[in-house]
Amino acid sequence: MNVGRAIGGFSSVVIGLLMDHYNLVVTMGFLSLLYVISLVTMLSLPGLRQLSVKRA
């Protein structure tokens, strides 16, 4: 959990570097790709679907 916070703390630096070297479209595309990767990773966790079924 703390590793995720440490990596997330550098997100503004990464966005700034991307905006410095590329345009807004590339930066937004990169951020969108990160969200898709996060979604796929979350859906690939084995116990996630069972957890959501139990709560419903």
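The questions and answers below concern two helices of a predicted model and a nonpolar surface patch.

Me: At what angle do helix α2 and helix α3 pack?
Reply: Helix α2 covers residues 11-21 and helix α3 covers residues 24-43, and their axes lie 8 Å apart. The crossing of the two is right-handed, and the packing angle is about 145°.

Me: How many charged residues does the contact of α2 with α3 have?
Reply: From α2 the contact draws on V14, I15, L18 and M19, while α3 brings L24, T27, F30 and L31. Sorted by class, seven of these residues are nonpolar and one is polar, and the number of charged residues is none.

Me: Which helix supplies the largest share of the nonpolar patch?
Reply: The patch on the surface is formed by F10, V13, V14, L17, F30, L33, L34 and I37, which together have about 710 Å² of accessible area. At least two of its residues come from each of α2 and α3, and F30, one of the patch residues, is found in α3. The largest share, four residues, is supplied by α3.

Note on methods
Residues are numbered from 1 along each chain as its sequence is written. This is a predicted model: local features need pLDDT of at least 70, side-chain atom pairs count only at pLDDT 80 or more; totals for chains, interfaces and linings use all residues. Side-chain values use heavy atoms; hydrogens and water are left out. Axes are lines fitted to C-alpha atoms, for helices over the stretch in contact, and angles run from 0 to 180 degrees between N-to-C directions. A crossing is left-handed if the near helix is turned anticlockwise from the far one by less than a right angle, and right-handed if clockwise. Contact means heavy atoms within 4.5 Å. Ala, Val, Leu, Ile, Met, Phe, Trp, Tyr, Cys and Pro count as nonpolar, Asp, Glu, Lys and Arg as charged, and the others, Gly among them, as polar. Patches are made of residues with over 30% relative accessible area and no salt bridge: like charges are joined within 9 Å, nonpolar side chains (Val, Leu, Ile, Met, Phe, Trp, Tyr) within 5 Å. Accessible areas come from the Shrake-Rupley method with a 1.4 Å probe; for residues, only the protein chains shown count as cover. A salt bridge is a side-chain nitrogen of Lys or Arg within 4 Å of a carboxyl oxygen of Asp or Glu.
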